[in-house]
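Subject: Structure handover

Hi,

Here is the structure I promised to pass on to you. Please have it open while you read, as my notes follow below.

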Amino acid sequence: MPEPIEMETAFQVLPEVEELRLRVRKIVRRDLAPFSREIEETDSIPGEVAGIVRDSGLHGLQVPVGYGGMGLGMLAACVITEEIAWLSQALVRFVGGDALGISILGSELLCEKYLGRIASGELLAAFALTEREAGSDALSIQCRARRDGDRYLLTGEKVMVTCGDIAGLVLVFAVTDPDAGGGVTAFVVENTFPGFEVVRAEPKMGLRGVHTAHLAFHDCPVPAENILDEEGNGFVVAMRLLDLGRIRYNGAASVGNSQRLLEMSVHHARERKQFGKRIGNFEGVGFMLARMAVQTHAARLMVYNVAARADRMEPVTLESAMVKLFATEALDGVADMAVQVHGGQGYLKDLEVERFYRDARAGRIWDGTSEIQQLIIARTILDG
Ligand SMILES: Cc1cc2nc3c(=O)[nH]c(=O)nc-3n(C[C@H](O)[C@H](O)[C@H](O)COP(=O)(O)OP(=O)(O)OC[C@H]3O[C@@H](n4cnc5c(N)ncnc54)[C@H](O)[C@@H]3O)c2cc1C
């Protein structure tokens with residue numbers, strides 16, 4: 001296995017978080033890494049992997065301690081997420097869920113009802129905003145929820161829902177007040193509610209093991225108490241969760257992927273000889289390694305900076321869009337250079353470089369495309 005390449009930053013985490021990081025590193029590299037090929041071949045998370053993750057407590061990373069989680073802040077969660085992403089995006093998304101939405105915006109009742117079960121791994125959570133005709137333009141969603149006594153009846157479809165077919169809970173965004181210009185509301189929907197349908201698992205270019213599903217709701221009854229935050233405030237909820245998600249699921253996860261690709265490439269450049277020399281000594285290869293290291297380090301610094309700001313409850317919309325844009329595009333470039341450094345072997349399935357290369361491509365699309373991040377950045381710096 002390639003040697004770890006440590007690049008120090010000025011950010012510090014508590015000793016117990018550092019201890020957790022080393023524990024997670026061991027679990028990921030010793031216990032979970034052997035399953036990578038199986039995840040790729042079966043396009044799913046094997047039961048043994050689910051068991052190891054559950055026993056490690058990682059599902060509760062950001063669930064408050066009072067509900068059985070680890071209660072980590074954003075910086076600490078990012079440090080741990082990097083370790084998980086060293087192996088794969090599939091694992092990051094499996095571990096992740098969207099507990100954060102309920103932890104920070106849920107009523108006491110919702111927290112009591114669900115957080116313990118999320119932390120224990122009994123319930124995975126998913127986030128369902130995108131529809132076939134409403135992607136970047138999220139405000140044009142057509143999913144509807146009409147009031148019926150003390151519940152709402154949910155009707156419509158959602159596509160490309162990460163973990164949608166394996167999640168016990170899905171945060172569904174629906175229009176509750178179409179006559180008043182379409183107030184959007186966020187509902188916590190259990191997959192056992194009548195009328196909840198998994199239409200199909202959606203096949204993808206890469207990201208095998210990241211369950212991606214098309215869901216439908218047919219007059220699906222959702223108790224009014226399952227509204228996250230307030231009726232009509234769903235769009236604000238979605239944007240807030242995307243702001244925070246971009247730091248961890250895109251920023252930190254991309255850094256972890258880039259780090260792995262850098263380590264594999266340095267190892268290969270040390271070992272592989274051509275023209276009687278190790279290839280790393282050729283300037284063309286060495287310069288690629290240098291650029292990979294700089295991109296990874298710069299993305300990490302941006303992630304830690306905005307994560308520290310999130311922990312201080314400062315506004316993060318601008319910087320999380322910057323991190324999402326930079327870290328995912330950096331990863332794309334790093335993955336491309338990693339294939340190049342490995343030559344033909346980088347293109348073969350024997351090594352995992354080609355998997356990272358395919359997986360990286362989604363980074364510029366999911367959770368808001370690169371173009372949408374640039375819109376957010378441009379609007380914020382122009383108009384404040
Ligand atoms: C693997 C994967 C997992 C996903 N998981 C989830 C999930 O869990 N939950 C969820 O809700 N969604 C999920 N998505 C959906 C994802 O968030 C959307 O794909 C993304 O927001 C883009 O929407 P779209 O696909 O409809 O593309 P479109 O919005 O149709 O965009 C097409 C192109 O037009 C560009 N474009 C659109 N509007 C503008 C504009 N105003 N200015 C400039 N360019 C523009 C886009 O940048 C893009 O290049 C997932 C997607 C993928 C690929």
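A residue is called buried when its relative accessible area is under 20%. E83 has a relative accessible area of 5%, so this residue is buried. Please keep in mind that this is a predicted model.

**Salt bridges**

E83 is a good place to begin. Its side chain meets that of R21 in a salt bridge, with 2.8 Å from N to O. The two come from distant parts of the chain: E83 belongs to helix α4 (residues 74-85) and R21 to helix α1 (residues 15-32), 62 residues apart. R21 is buried as well, with a relative accessible area of 14%. As general background, side chains of opposite charge can pair when their charged atoms come close. The total for the model is 24 salt bridges.

Another of these joins the side chains of R260 and E352, at 2.9 Å from N to O. R260 is in helix α8 (residues 234-271), while E352 is in the loop between α11 (344-347) and α12 (353-360), so this pair ties together parts that are 92 residues apart in sequence. Both R260 and E352 are buried. There is also a network: E6, E18, R21, R25, R29 and E83 are joined into one by salt bridges that share partners.

**Charges over rings**

R260 has a second contact to look at. What does the charged end of R260 sit over? It sits over the ring of W86, 4.1 Å from the ring's centre. In a further case, R355 lies over the face of F356, and here the distance to the ring centre is 4.5 Å.

**Strands and a hairpin**

Strand β2 (residues 144-148) pairs with strand β3 (residues 151-162) in the antiparallel sense, over five bridges. R144, for instance, has T155 in β3 as its bridge partner. The hairpin of β2 and β3 has two residues between the strands, and G149 in this hairpin takes a positive phi near 70 degrees. The side chains of D148 and R151 meet in a salt bridge of 2.8 Å, N to O. D148 counts as partly exposed at 31% relative accessibility, and R151 also counts as partly exposed, at 34%.

β3 pairs with strand β7 (residues 212-223) too: nine bridges join them, and the two run antiparallel. One of the bridge partners is V222 in β7, which is matched with Y152.

**Aromatic pairs**

Searching the whole structure gives five aromatic pairs. How are the rings of F275 and F282 arranged? Their centres are 6.1 Å apart and their planes are at 90 degrees, so the pair is edge-to-face. F275 counts as exposed, at 79% relative accessibility, whereas F282 counts as partly exposed, at 25%.

**Cysteines**

How many disulfides does the model have? The count comes to zero. Take C220 as an example: a disulfide needs two cysteine sulfur atoms within 2.5 Å, and the closest cysteine sulfur to that of C220 is in C143, 9.5 Å away, which is too far for a bond. C220 counts as buried, at 0% relative accessibility. C111 is buried too, with a relative accessible area of 5%.

Happy to go through any of this with you.

Best wishes

Technical notes: Residues numbered from 1 in each chain as written. Predicted model: local features only at pLDDT ≥ 70, side-chain atom pairs only at ≥ 80, totals over all residues. Heavy atoms only, no water. Buried < 20%, exposed > 50% of the residue type's maximum accessible area, 1.4 Å probe, protein only. Phe/Tyr/Trp six-rings, centres within 6.5 Å; stacked < 30°, edge-to-face > 60°. Lys NZ or Arg CZ within 6 Å of the ring centre and 35° of its normal. Salt bridge = Lys/Arg side-chain N within 4 Å of Asp/Glu carboxyl O. Helix = DSSP H or I, 4+ residues; strand = E, 2+ residues; numbered from the N terminus. Pairing = 2+ DSSP bridges.
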